[in-house]
Amino acid sequence: MANFEEIVAYDYVKSEFNELCYMLDNQRKLMEDGISIPNGVLLWGPDDCGKFFMAWELRNATGIEFLDVYSTTDGNEFEDFLDSMEAGGKYGLFIHNFEEIKGNSDVIKFINMISEDAQELGCQLFIIATMNGDCDNSW
């Protein structure tokens, strides 16, 4: 299991990340036991609070092949990723700055296509996304 020692403080987040890694490593067994596995995680918060770094650490800890998705990601990159998914296994999308991507309908279409194809191919798809936004203290 990962220890996320590069992330200072945020003990709750590190605990949740460890739980996610465990679930992804043991997904088939947990699903056989009737436990549902999350399809992804959204890290949301103000600019420069460490979301991207934490998402990057989670991405590295999963051991899953990820496609980095930016607002400029083109169709060829998605097609290559889809081709690699035909082998089966675990795959992921790392969506950098979702608020930029949500305005690009082509990128959104490709994300939806990958999600649908993953189900048809029997692949496990996990999505990590970051999004900027103001946080209040009501949590």
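How many bridges join S1 to S4, and which way do the two strands run? There are 6 bridges between them, and the strands run parallel. Keep in mind that you're looking at a predicted model. Here's a quick tour of its sheet, some of its aromatic rings and one of its pockets.

**The sheet**
- Picture an open sheet built from 4 strands, with parallel pairing.
- Reading across, the order goes S1-S4-S3-S2.
- Strand S1 (40–45) and strand S2 (65–69) sit at the edges, so to find them, look for the strands that pair on one side only.
- Going from one strand to the next, the twist averages 15°.
- For a spot to check by eye, find leucine 42, which stands opposite alanine 129 in S4.

**The aromatic rings**
- The model has 6 aromatic pairs.
- One to look up is tryptophan 56 with phenylalanine 94: their ring centres are 5.8 Å apart and their planes meet at 45°, so this pair counts as tilted.
- That label fits because planes under 30 degrees apart would be stacked and those over 60 would be edge-to-face.
- This pair links distant parts of the chain, since tryptophan 56 belongs to helix H3 (residues 51–62) and phenylalanine 94 to strand S3, 38 residues apart.
- Are the two partners buried or exposed? Tryptophan 56 has 31% relative accessibility, so it's partly exposed, while phenylalanine 94 is at 0%, so it's buried.
- The cut-offs behind those words are under 20% for buried and over 50% for exposed, with partly exposed in between.
- Phe52 joins in too: Phe52, Trp56 and Phe94 make up one aromatic cluster.

**The second largest pocket**
- This pocket has a volume of about 370 Å³.
- Its lining is made of 21 residues.
- Which of them lie nearest the centre? Those are Gln27, Asn39, Cys123, Gln124 and Leu125.
- Helix H2 (27–32), strand S3 (90–95), helix H6 (105–121) and strand S4 (124–132) each chip in at least two lining residues.
- S4 gives the most, with 4 residues.
- Sorted by class, the lining has 12 nonpolar, 7 polar and 2 charged residues.

**Tying it together**
- Strand S4 is a handy landmark: it's joined to S1 by 6 bridges, and it also gives the most to the lining of the second largest pocket.
- Strand S3 shows up more than once as well: it holds phenylalanine 94 of the tilted pair, and it supplies at least two residues of that pocket's lining.

How values were computed: Residues numbered from 1 in each chain as written. Predicted model: local features only at pLDDT ≥ 70, side-chain atom pairs only at ≥ 80, totals over all residues. Heavy atoms only, no water. 1 Å grid on protein atoms, 1.4 Å probe; cavity = no way out; pocket = protein on both sides within 12 Å on 5 of 7 lines; lining within 4 Å. Points joined across faces, edges and corners; volume = space filled by probe spheres on them. Nonpolar A, V, L, I, M, F, W, Y, C, P; charged D, E, K, R; others polar. Phe/Tyr/Trp six-rings, centres within 6.5 Å; stacked < 30°, edge-to-face > 60°. Buried < 20%, exposed > 50% of the residue type's maximum accessible area, 1.4 Å probe, protein only. Axes fitted to C-alpha atoms, helices over the stretch in contact; angles between N-to-C directions.
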